[in-house]
Amino acid sequence: MPIQILPARLANQIAAGEVVERPASVVKELVENSIDAGATRIEIDIDKGGSKRIRIRDNGCGIPKDELELALSRHATSKISTLDDLEAIASLGFRGEALASISSVSRLTMTSRPEGQDEAWSAYAEGREMAVTVKPAAHPVGTTIEVLDLFFNTPARRKFLRTDKTEFTHIDELLKRVALSRFDVAITLRHNGAVVRQYRPASTQVQKERRLAAVCGSAFVNHAVEVSLEHGDLKLSGWITTPEGARAQNDIQHCFVNGRMMKDKLINHAIRQAYENALRADQFAAYVLYIEVNPHEVDVNVHPAKHEVRFHQARLVHDFISQAITDA
Ligand SMILES: Nc1ncnc2c1ncn2[C@@H]1O[C@H](COP(=O)(O)OP(=O)(O)OP(=O)(O)O)[C@@H](O)[C@H]1O
Ligand SMILES: [Mg+2]
């Protein structure tokens with residue numbers, strides 16, 4: 001076969017392979033977009049575990065009509081324009097790939113209206129080259145993305161979908177982490193039309209503890225110790241539990257770096273080390289921790305789904321976390 005440039009849809013489907021693993025990955029990307037758009041209210045509607053329908057509606061800044069086509073194109077983003085921006089990133093997204101990837105493996109419609117534009121417009125991409133069609137629509141300021149029939153054209157991926165209940169549980173767990181990452185954002189989750197979660201915006205301490213209890217359970221809150229520590233550019237805050245609050249599984253281990261949810265080995269190791277002598281081998285620490293670090297000190301571009309980061313001063317960060325928790 002001679003070398004050839006892949007058709008747009010196929011290239012996007014290949015990119016989707018890294019990022020779009022299951023319905024919960026779609027929800028993650030779309031909710032992160034809503035947060036980046038400054039939304040204070042996000043509604044998530046799921047049908048049949050997300051394989052039938054995922055709809056995310058936000059009250060964020062919206063997208064002007066003449067940018068809708070770009071929003072669905074690969075390598076198009078409003079979040080960075082130079083390498084310097086990437087090295088000091090403040091947004092959750094930066095790859096400019098999520099919408100193109102998701103829309104290549106589903107039937108995606110994006111409807112949006114920015115402030116100052118009288119009408120809303122709807123866009124969807126079709127065909128091999130993913131040509132974008134734009135139509136007039138009705139929508140308040142903000143954006144709605146509807147994703148129907150996820151993986152309808154990628155049977156290999158569809159085969160890996162679990163039951164609706166399992167897929168929905170993944171979405172629910174993901175949104176718990178989102179709820180912990182942004183207490184100021186109202187989040188509603190419905191499954192097959194019924195409200196399953198409603199996280200109200202929390203600004204006071206009481207409201208925050210209420211949301212914390214809603215996500216982690218009241219047992220966690222009862223054993224929780226609030227931590228807050230700063231060292232130079234590094235800040236650690238959140239809640240850890242006394243050894244009495246330890247759990248039989250690792251289900252309450254939430255960690256955020258600059259507002260981004262993490263599954264980071266370095267951080268997990270630092271925390272485990274701090275609890276080493278206090279817990280038995282079959283016990284797991286429970287924690288919700290926020291690490292703030294100068295964005296120049298961390299590389300976020302190391303994992304396609306952004307589950308990991310690389311700290312420039314890894315050792316320092318590790319020891320800071322470990323020491324802070326031991327002290328607390
Ligand atoms: N809910 C939304 N509200 C406003 N603008 C949005 C929304 N979702 C997407 N956009 C716009 O569409 C662009 C493309 O979104 P997409 O998620 O594909 O890429 P990204 O967020 O820039 O990067 P990444 O691939 O890392 O998520 C964004 O840069 C943003 O300008
Ligand atoms: Mg994005």
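Two strands count as paired here if DSSP finds at least two bridges between them. Keep that in mind as you tour this predicted model, starting in the middle of its sheet.

**Stop 1: strand E6 and its partners**

Select residues 142-148, which make up strand E6. Of these 7 residues, 5 are buried, so the strand is largely enclosed by the rest of the structure.

Now add residues 107-113, strand E3, which pairs with E6 in the antiparallel sense over 7 bridges. Two opposite positions help you line the strands up. Thr109 stands opposite Glu146 in E6, and Arg113 faces Gly142 of E6 in the same manner, standing opposite.

Next, bring in strand E2, residues 53-58. E2 and E6 are also antiparallel, with 6 bridges between them. To find the register here, show Arg53, which stands opposite Leu148 in E6.

As background for what you see between these strands, strands of a sheet pair through backbone hydrogen bonds, either parallel or antiparallel.

**Stop 2: the whole sheet**

Zoom out and colour the strands. There are 8 of them in an open sheet, and walking across it you meet E5-E4-E3-E6-E2-E1-E7-E8, with mixed pairing. At the edges are E5 (131-137) and E8 (194-199), each of which pairs on one side only. If you look along the sheet, neighbouring strands are turned by 15° against each other on average, direction ignored.

While you have side chains on display, remember that in a regular strand they alternate between the two faces of the sheet.

**Stop 3: helix H2 over the strands**

Select residues 23-36 to pick out helix H2. H2 lies across three strands, namely E1 (41-47), E2 and E6, and runs at about 10° to E2.

**Stop 4: a pair of helices**

Which angle do H7 and H8 make where they pack? Show helix H7 (residues 164-181) together with helix H8 (residues 205-216): the angle is about 165°, and the axes lie 10 Å apart. Because an angle over 145 degrees counts as roughly antiparallel, H7 is roughly antiparallel to H8. The crossing of H7 past H8 is left-handed.

For the contact itself, display Lys176, Ala179 and Leu180 in H7, which meet Arg211, Leu212, Val215 and Cys216 in H8.

**Stop 5: the cysteines**

Keep Cys216 on screen and add Cys255. Why is Cys255 without a bond to another cysteine? The closest cysteine sulfur to that of Cys255 is in Cys216, 13 Å away, which is too far for a bond. Cys255 is buried, with a relative accessible area of 4%. Compare Cys61, which is partly exposed at 48% relative accessible area. A search of the whole structure finds 0 disulfides.

**Stop 6: two backbone angles to inspect**

Finish with two loop residues. Met130 sits in the loop between strand E4 (120-126) and E5. Its phi is positive, about 55°, although Met130 is not a glycine. Is Met130 buried or exposed? With 8% relative accessibility, Met130 counts as buried, because the cut-off for buried is under 20%.

Then move to Phe151, in the loop between E6 and helix H6 (155-158). Phe151 has a positive phi too, near 70°, and is likewise a residue other than glycine. The relative accessible area of Phe151 is 1%, so Phe151 is buried. From here you can step back along the chain to E6, residues 142-148, where the tour began.

Key. Residues are numbered from 1 along each chain as its sequence is written. Chains are lettered from A and ligands numbered from 1 in the order in which they are written. This is a predicted model: local features need pLDDT of at least 70, side-chain atom pairs count only at pLDDT 80 or more; totals for chains, interfaces and linings use all residues. Side-chain values use heavy atoms; hydrogens and water are left out. Buried means under 20% relative accessible area, exposed over 50%, partly exposed in between (1.4 Å probe, protein chains only). Helices (H or I, at least four residues) and strands (E, at least two) are DSSP runs, numbered from the N terminus. Axes are lines fitted to C-alpha atoms, for helices over the stretch in contact, and angles run from 0 to 180 degrees between N-to-C directions. Contact means heavy atoms within 4.5 Å. A disulfide is a pair of cysteine sulfur atoms within 2.5 Å. Angles under 35 degrees count as roughly parallel, over 145 as roughly antiparallel, 65 to 115 as roughly perpendicular and the rest as oblique. A crossing is left-handed if the near helix is turned anticlockwise from the far one by less than a right angle, and right-handed if clockwise.
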